[in-house]
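Hi there,

Here is the structure I promised to pass on to you. Have a look at it first, and then read on for what turned up.

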Amino acid sequence: MCYYLGIEVKKETFIHLKDLQVQVKDHDLIRPMMSGFEYDTWPIIIPAADGKELELTLAHWELIPGWINSQEELAASRKKFNTLNATAERLLESRVYQAAAIKRRCLILASGFYEWRHFTPTGTKKPITYPYYIRVTHQPYFFVAGIWQNWTDKSTGETMPCFSLVTTTANSIMSAIHNTKKRMPTILPEEQAYQWIQPNISKEEITRLAAFSIPSDQLSATTIHKDFRTSSNPTEPFEFEELPPISSSMNP
């Protein structure tokens with residue numbers, strides 16, 4: 001599953017989506033690596049009320065069900081399940097995600113994401129995990145399908161937007177990298193991203209878009225240091241001599 005994202009978008013950048021755009025105004029969106037388990041905020045894009053503009057806002061990464069009444073209840077619920085990611089195949093079946101999937105779809109803005117590949121080198125008995133940083137080739141940012149809603153802490157009255165990232169079946173390059181779960185974020189090209197945030201699309205269209213897998217030739221993947229989570233440059237490439245290239249293990 002996808003729990004690590006990176007973003008590098010400068011202030012004053014215009015995010016374009018067909019005939020819609022939104023400007024990054026207040027500050028640079030520079031965060032080379034964030035784990036969803038930090039339960040921090042991340043930039044998402046939602047359609048404005050008039051449907052003619054986009055809104056860029058920071059939202060809490062974790063869709064919080066309305067029946068959770070406080071931060072204390074939220075902390076307890078995390079011990080049983082997490083809502084950082086929403087599986088495309090169950091999006092309209094889950095009572096946690098269904099209403100948001102039908103009424104409140106968003107786009108998660110990112111420049112890259114992180115995933116691990118399991119491989120057993122010669123002379124070892126157990127698989128070793130190797131981290132990768134994955135981008136959409138030649139694009140400074142891309143869109144990931146998401147769902148969102150506002151959550152109110154009933155003990156304080158504070159309301160905040162929150163979201164889940166939609167995941168889908170891995171394409172060939174991500175099947176080779178994330179070779180245990182074989183999942184990936186639902187990365188949407190411009191046309192599909194535009195459709196995803198349109199109001200009143202059918203359930204069939206929601207399901208189709210949520211399950212979209214971007215073609216492998218549109219992604220580039222690089223191995224990185226195993227300690228990337230504590231590095232000042234988490235995306236710095238690093239080669240592991242014992243690790244065969246992805247191309248030799250990819251499916252057709």
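**Salt bridges around Arg31**

The side chains of Glu38 and Arg31 come together in a salt bridge, with an N to O distance of 2.8 Å. Please keep in mind as you read that this is a predicted model.

Arg31 has another partner as well: its side chain meets that of Asp40 in a salt bridge, at 3.0 Å from N to O. Taken together, Arg31, Glu38 and Asp40 are linked in a network of salt bridges.

Where do these residues sit with respect to the surface? Glu38 is partly exposed, with a relative accessible area of 40%. Arg31 is partly exposed too, at a relative accessible area of 25%, and Asp40 falls in that class with 29% relative accessibility. For Arg31, the class follows because buried would mean under 20% relative accessible area.

**A salt bridge within a helix**

The search over the whole structure gives 6 salt bridges. One that you may like to pick out on screen joins the side chains of Arg208 and Glu205, at 2.7 Å from N to O. How far apart are Arg208 and Glu205 in helix α5? They are 3 residues apart in this helix, which covers residues 203–210, so about one helical turn separates them.

Both ends of this pair can be placed by accessibility. Arg208 counts as partly exposed at 42% relative accessibility, and Glu205 counts as partly exposed at 23%.

**The five-stranded sheet**

Now for the backbone. There is an open sheet of 5 strands, paired in the antiparallel sense, and the order is β4-β1-β9-β10-β15. Its edge strands are β4 (29–35) and β15 (219–223), each of which pairs on one side only. On average, neighbouring strands of this sheet are turned by 25 degrees against each other, with direction ignored.

At the β15 end of the order, which strand does β15 pair with? The partner is β10, residues 128–136, and the two run antiparallel over 5 bridges. If you want one spot to find on screen, take Ile134: its bridge partner in β15 is Ala221.

That brings the two topics together for the handover: a salt-bridge network of Arg31, Glu38 and Asp40, and an open antiparallel sheet of 5 strands.

Happy exploring, and write back whenever you like!

Best wishes

Key
Residues are numbered from 1 along each chain as its sequence is written. This is a predicted model: local features need pLDDT of at least 70, side-chain atom pairs count only at pLDDT 80 or more; totals for chains, interfaces and linings use all residues. Side-chain values use heavy atoms; hydrogens and water are left out. Two strands pair if DSSP finds at least two bridges between them. Helices (H or I, at least four residues) and strands (E, at least two) are DSSP runs, numbered from the N terminus. Axes are lines fitted to C-alpha atoms, for helices over the stretch in contact, and angles run from 0 to 180 degrees between N-to-C directions. A salt bridge is a side-chain nitrogen of Lys or Arg within 4 Å of a carboxyl oxygen of Asp or Glu. Buried means under 20% relative accessible area, exposed over 50%, partly exposed in between (1.4 Å probe, protein chains only).
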